[in-house]
Amino acid sequence: MTAPPIGLTAPETVTLTRYAAQTIGSDGRPDRGSPTSTSIAATVAPASPRTLERLPEGMRTRSVLTVHAYDQIRTADQHTGTPGDEIVRGGITYAVEVVDEWPALGPIPQHWQAIVVRLAELPAVGGP
Amino acid sequence: MSPEEIIQAVRGFAKSALSLTDSQVIVYQGPGVRPASAYCSVQFVGDESTGIAESTTVGTPGNLSVRVSDHRRCQVSVQTYGASADAWASSLAVMWASRHAAADVARTAGLHPARATGPRDTTVLTDTSHEPRRQVTLYGYHRTTIADDPSLGYVSQIDVALDMPPTTITASSTEVP
């Protein structure tokens, strides 16, 4: 007998914004792709100290959350030029910085765990 | 030349010298996702005067300005990312310093190549052993118009219009014996 899938704990609705791949203009600067926003159910929790250590130092003092969802969450992909997703919760926009994709295991469906950081400004490119 | 014009002049040189595309020669620290390796970034480092600025008066009578122009020397850093871009920095330094034909792109834009540093391995410095990096600094000269300021000019003609009510002016004189 197969156990019924386990649902999210205390799910809430957040907005996931996904951008199309960027293009580099003739001035050598990227033109961001067009965004598409959808509503997804997610479990949102504060980031633990260990989670914070997975982020670069400059991000650790910003508002950081952990998001679990059954919908795919993506971080930036330099091979395709796709920016990372953004998540809007309570009117505040967070950038997806780290994503762990978990395969289905027994009653636990495939899901994504993301570390999101409050968006201060657009991330830089070409830095040291 | 403005910093942006200098950056674009060097980008034009790099694209021409190495047959690269716009997405392979990006502006350092622009917003967005970094491109797939290999690529290079162009960073404006500095721009300083090489002597005493010259001032000339320009314009027409009644509409004069003082224009201050200056010979300036700029520095632009080009950093390469990825193993297959290892040779780019060396090639750029040689072509820039030897006035290679590829540098004509920059020369046409008003930036005259002067010299270049040897390529520097910044892989350890930037702690990116997974991705080799090289850096070269290019020096060039250009002339920049610093100011074109009418407040600094002199007045060669004054036009005065008076709007007065009718007035009777009585004049008298007394001769002194």
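**Two crossing helices in chain B and a run of strands in chain A**

Helix α1 of chain B (residues 3-18) and helix α2(B) have axes that come within 10 Å of each other and cross at roughly 110°. Angles of 65 to 115 degrees count as roughly perpendicular, and α1(B) and α2(B) are therefore roughly perpendicular to each other. From α1(B), the residues that make the contact are Ala14(B), Ala17(B) and Leu18(B), while α2(B) brings Trp88(B), Ser91(B), Leu92(B) and Met95(B). Sorted by class, this contact holds 6 nonpolar residues and 1 polar residue, with no charged residues. All of this is read from a predicted model.

It helps to stay with α2(B) a little longer. This helix spans residues 86-97, and its buried residues are Trp88(B), Ala89(B), Leu92(B), Ala93(B), Met95(B) and Trp96(B). Some of these names have already appeared: Trp88(B), Leu92(B) and Met95(B) are buried and also take part in the contact with α1(B). In general, an α-helix has 3.6 residues a turn, so residues three or four places apart point the same way. The spacing of Trp88(B), Leu92(B) and Met95(B) along α2(B) can be viewed with that in mind. After the helix comes Arg99(B), which has a positive phi, near 55°.

Chain A can be introduced through its secondary structure, which comes to 1 helix and 8 strands. Read from the N terminus, the order of its elements is β-β-β-β-α-β-β-β-β. Of the 128 residues in chain A, 23% are buried. Contacts in chain A between residues at least 6 apart in sequence include many that span further, with 55% of them joining residues at least 24 apart.

The strands after the helix offer a good place to look closely. Strand β6(A), residues 86-89, pairs with strand β7(A), residues 92-102, in the antiparallel sense through 4 bridges. One of the residues involved is Glu86(A), whose bridge partner in β7(A) is Ala95(A). The hairpin formed by β6(A) and β7(A) has 2 residues between the strands, and within this hairpin Gly90(A) takes a positive phi near 60°. Strand β7(A) is also joined to strand β8(A), residues 111-118, by 8 bridges, and these two strands run antiparallel. Here Asp100(A) stands opposite Gln113(A) of β8(A).

Finally, the two chains meet. Their contact draws 22 residues from chain A and 19 residues from chain B. On the side of chain A that touches chain B, 9 residues are nonpolar, 10 are polar and 3 are charged.

Key
Residues are numbered from 1 along each chain as its sequence is written. Chains are lettered from A and ligands numbered from 1 in the order in which they are written. This is a predicted model: local features need pLDDT of at least 70, side-chain atom pairs count only at pLDDT 80 or more; totals for chains, interfaces and linings use all residues. Two residues are in contact if their C-beta atoms, placed from the backbone, lie within 7 Å. Ala, Val, Leu, Ile, Met, Phe, Trp, Tyr, Cys and Pro count as nonpolar, Asp, Glu, Lys and Arg as charged, and the others, Gly among them, as polar. A residue is buried if 20 or more other C-beta atoms lie within 10 Å of its own, exposed if 12 or fewer, and partly exposed in between; C-beta atoms are placed from the backbone. Two strands pair if DSSP finds at least two bridges between them. Axes are lines fitted to C-alpha atoms, for helices over the stretch in contact, and angles run from 0 to 180 degrees between N-to-C directions. Angles under 35 degrees count as roughly parallel, over 145 as roughly antiparallel, 65 to 115 as roughly perpendicular and the rest as oblique.
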